[in-house]
Amino acid sequence: MRLSPRTLCAAGRAVWRESFPLEGRDVARWFPGHMAKGLKKMQSSLRLVDCTIEVHDARISFSRNPLFQETLGLKPHLLVLNKMDLADLKEQQKILQHLEREGLKHVVFTNCVKDENVKQIIPMVTELVGSSYRYHRGEHVEYCIMVIGVPNVGKSSLINSLRRQHLRKGKAARVGGEPGITRTVMSRIQVCERPLMFLLDTPGVLAPQIPSVETGLKLALCGTILDHLVGEETLADYLLYTLNRHQLLGYVQHYGLGEACDDITSVLKRVAVKLRKTQKVKVLTGTGDVNVIQPDYPAAARDFLRAFRSGLLGPVMLDRDVLQGRPAEEP
Ligand SMILES: Nc1nc2c(ncn2[C@@H]2O[C@H](COP(=O)(O)OP(=O)(O)OP(=O)(O)O)[C@@H](O)[C@H]2O)c(=O)[nH]1
């Protein structure tokens, strides 16, 4: 829900935070063994594949893993910007132009839960692979495609959606709401009969060094990094800062807050009260420990993040600043 500037003023806060304090914050590095191993296996399997499909979250189109281009970048490449149902795509043309300037000409937006736009992928892949060969490969040649991407962006969901669309078959790859579900490079999964096409599912791989704290916060908001590595309350605060700056005030209505607010403690307190989530905390007094009932801030932060991730607070484009040319934050 977008409120007019007038409503914003009526909310009593004409000015939102201009920046989010990043100094002293660290987005914990998350490059566990299975990612390093997975990346090596992906490199060694590259000779078997005709093309790579990079799946990424459409809400953070420009916060991709640079490692893929560096280590796997030689093959024809298709970028699938998934979770389009959660993304604000009003500036879709600008996004595509920006990606084209980065050398990415083959891009498709999808929703793998509802199978939206997924049918475009196989024709795009065959054209891409066909144009990368000097001679016609013949009709009966099979295609092997590697699906890559950071964790939790929908790689396995894409494989399952392609199978539903082209083979009318059920799930072949495990899907989960948490990052790190797929842990090994799997064997080939057939997704199409004509042309005969197989996909390789791979584990989500993050860069060992996330370029900046703000990129890390965006990746975490989209669920590609485990929440506790950043801190749920920090993430909730970054979410509030982002929603307010983008004037996406759907959270006010969702939680019945009455008015928008830029103070996370106050918002979480009201969310906790609304959800009837309280916690007992021991407080040391002159006469000993006393149990005090207070709002359950961590539970409220988790609910705020969950509501955002399931789209209940409205669609967002977390990388809008990149489109608007805001200078990148120093690493
Ligand atoms: N809203 C929405 N959710 C999606 C979409 N595609 C996938 N999901 C959800 O995103 C979550 C992650 O999906 P997966 O397919 O397991 O992602 P993955 O990239 O294979 O994950 P890893 O194995 O961790 O690397 C699941 O809860 C899916 O249901 C989409 O287009 N829209």
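Start by selecting β1 and β4 in this predicted model, where the two strands pair in the parallel sense over 4 bridges. Colour Ile53 in β1, and then look across to β4, where the bridge partner of Ile53 is Val147. If you keep β4 selected, you have residues 143-148 on screen, and 5 of the 6 residues of this strand are buried, so that the strand can be described as mostly covered.

Now turn to β2 while Ile53 is still coloured. Strand β1, which spans residues 51-57, is joined to β2 by 6 bridges, and these two strands run parallel. Within β2, the residue to pick is Leu78, which is the bridge partner of Ile53 there.

Return to β4 and add β6 to the selection, since 4 bridges join these two strands, which again run parallel. A pair to highlight here is Met146 and Leu200, the latter in β6, which stand opposite each other.

With these strands in view, select the whole sheet. It is an open sheet of 6 strands, ordered β3-β2-β1-β4-β6-β5, and its pairing is mixed. Which strands stand at the edges? They are β3 (107-109) and β5 (189-192), and because each has a single partner strand, one side of each is left without a neighbour in the sheet. As you rotate the view, note that the twist from one strand to the next averages 30°. Strands of a sheet pair through backbone hydrogen bonds, in either a parallel or an antiparallel sense.

The next stop comes from a record: the unreviewed UniProt entry carries a "binding site" annotation, which covers residues including Asn82, Lys83, Met84, Asp85, Gly154 and Gly204. Select Lys83 from this group, and you will find it in the loop between β2 (77-82) and α4 (92-101). Is Lys83 buried or exposed? Lys83 counts as buried, because 26 C-beta neighbours lie inside 10 Å, and 20 or more are needed for that label. Leaving aside residues up to four places away in sequence, Lys83 touches Asp57, Ala58, Arg59, Asn111 and Gly154, and Gly154 is itself covered by the annotation in the record.

Gly204, also covered by that annotation, is found in the loop between β6 (197-200) and α7 (213-221). Gly204 is buried as well, because 24 other C-beta atoms lie within 10 Å.

Follow the chain from that loop into α7, a helix that is mostly covered, with 9 of its 9 residues buried. Among the buried residues to display are Val213, Leu217, Lys218 and Leu221. To see what covers them, add α8 (227-230) and α9 (232-245), which are included in that cover. After α7 comes Gly223, whose phi is positive, near 80°.

Finally, zoom out and colour by domain. The domain assignment gives domain 1 (31-201) and domain 2 (231-324), and their centres, taken over C-alpha atoms, are separated by 34 Å. Where the two meet, 13 residues of domain 1 are in contact with 8 residues of domain 2, and the side belonging to domain 1 divides into 5 nonpolar, 3 polar and 5 charged residues.

With everything displayed, the protein comes to 13 helices and 8 strands, and buried residues make up 37% of its 331 residues. Of the contacts with a separation of 6 or more, 73% are between residues 24 or more positions apart.

Conventions. Residues are numbered from 1 along each chain as its sequence is written. This is a predicted model: local features need pLDDT of at least 70, side-chain atom pairs count only at pLDDT 80 or more; totals for chains, interfaces and linings use all residues. UniProt positions are given in the numbering used here, feature names are shortened, and annotations may be inferred rather than shown by experiment. A residue is buried if 20 or more other C-beta atoms lie within 10 Å of its own, exposed if 12 or fewer, and partly exposed in between; C-beta atoms are placed from the backbone. Two residues are in contact if their C-beta atoms, placed from the backbone, lie within 7 Å. Domain bounds come from an automatic or database domain assignment. Ala, Val, Leu, Ile, Met, Phe, Trp, Tyr, Cys and Pro count as nonpolar, Asp, Glu, Lys and Arg as charged, and the others, Gly among them, as polar. Two strands pair if DSSP finds at least two bridges between them. Axes are lines fitted to C-alpha atoms, for helices over the stretch in contact, and angles run from 0 to 180 degrees between N-to-C directions.
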